[in-house]
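Thanks for coming. I have one structure to walk through today, and I will keep to what can be read from it. Please have a look at it first.

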Amino acid sequence: MKKANARLFHMTAIVALALGIGQADAAALRVTNGWFRALPAAVPSGGYFTLHNDGDKAVSLTGAQSPACGMLMLHKSMNHGGMGMMEHVDSVTVDPGGTLEFAPGGYHLMCMDSKPILKPGAQVPVTLSFAGGDTVTAEFQVRNAAGK
Ligand SMILES: [Cu+2]
């Protein structure tokens with residue numbers, strides 16, 4: 001009986017190792033400086049924040065959601081021959097002890113089909129999802145088109 005338990009323990013350890021990146025400890029993830037640049041509803045609004053990974057494992061941000069947006073996507077701005085473009089990204093990894101900036105000109109959240117609650121002066125919740133199923137929710141300030 002004792003032997004079987006030991007084997008079970010090993011199996012669990014191996015499964016945990018195999019999941020690796022998915023084993024993020026949500027308590028080790030902090031979001032600071034979250035804000036949206038509110039634009040007219042027909043124009044997608046950008047969302048920005050800093051993600052801190054205080055844990056000892058890499059985490060992989062895979063999605064975002066907010067009641068203020070019909071859909072909230074992970075985007076990255078880039079410059080192709082002087083033309084500003086953006087592309088959808090499936091996931092962004094943050095190393096242990098690392099921070100990730102979502103800022104104008106780089107990674108950003110794209111709020112499609114924004115709801116009336118996305119208005120300057122308001123605060124709206126954003127839930128970030130990570131590989132493995134962890135989520136972190138933070139309040140984002142809503143600023144105007146000038147970012148104020
Ligand atoms: Cu975008």
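A salt bridge here is a side-chain nitrogen of Lys or Arg within 4 Å of a carboxyl oxygen of Asp or Glu. By that rule, the structure contains 2 salt bridges. I will come back to both of them. What you are looking at is a predicted model, so first a word on confidence.

The mean pLDDT of the protein is 86, and 82% of the residues reach at least 70. The weak stretch is residues 10-23, where pLDDT stays under 50. For that stretch the model has 11 contacts beyond four places in sequence.

Now the overall fold. There are 1 helix and 10 strands in the protein. Which comes at the N-terminal end of the order, α or β? The order starts with α, and every element after that is β. Of the 148 residues, 36% are buried. Among contacts with a separation of 6 or more, 67% are between residues 24 or more positions apart.

Next, the metal site. Which protein atoms are the donors of the copper ion? They are ND1 of His75, SD of Met86, NE2 of His108 and SD of Met110, at 1.9 to 2.2 Å from the ion. Along the chain these donors are spaced as H-x10-M-x21-H-x1-M. The arrangement counts as tetrahedral because the angles subtended by the 4 donor atoms run from 102 to 118 degrees, and the limits for that label are 85 and 135 degrees. Both His108 and Met110 are buried.

Back to the salt bridges. In general terms, side chains of opposite charge can pair when their charged atoms come close. One such pair is Arg30 with Asp54, with 2.7 Å from N to O. This salt bridge ties distant parts of the chain together, the two residues being 24 residues apart. Arg30 sits in strand S1, residues 29-37, while Asp54 is in the loop between strand S2 (45-53) and strand S3 (59-65). Arg30 has 38% relative accessibility and so is classed as partly exposed. Asp54, at 46%, is therefore partly exposed as well.

Another salt bridge is formed by Lys115 and Asp113, with their closest N and O atoms 3.2 Å apart. Lys115 is at 32% relative accessibility, so this residue is partly exposed too.

Two more residues are worth a stop. Asn53 belongs to strand S2. Is Asn53 buried or exposed? With 2% relative accessibility, Asn53 counts as buried, because the cut-off for that word is under 20%. A polar atom of the Asn53 side chain lies 2.8 Å from the backbone oxygen of Lys57. Beyond four places in sequence, the contacts of Asn53 include Ala28, Leu29, Val94 and Pro96.

The other residue is Thr127, in strand S9, residues 123-130. Its relative accessibility is 22%, so Thr127 is counted as partly exposed. Where does its side chain make a polar contact? The partner is the side chain of Thr137, at 2.8 Å. Setting aside neighbours within four places in sequence, Thr127 also touches Gly63, Ala64, Gln65, Thr135 and Val136, among others. The C-alpha atom of Thr127 is 8.8 Å from that of Glu139, and these residues are 12 residues apart along the chain.

That is what I wanted to show.

Key
Residues numbered from 1 in each chain as written. Predicted model: local features only at pLDDT ≥ 70, side-chain atom pairs only at ≥ 80, totals over all residues. Heavy atoms only, no water. Helix = DSSP H or I, 4+ residues; strand = E, 2+ residues; numbered from the N terminus. Buried < 20%, exposed > 50% of the residue type's maximum accessible area, 1.4 Å probe, protein only. Contact = heavy atoms within 4.5 Å. Polar contact = N/O pair within 3.5 Å; in protein donor to acceptor, adjacent residues only side chain to side chain. Donors = N, O, S within 2.8 Å, 3.2 Å for Na, K, Ca; no water. Tetrahedral: all angles 85-135°; square planar, octahedral: opposite > 155°, others 65-115°. pLDDT = per-residue confidence, 0-100.
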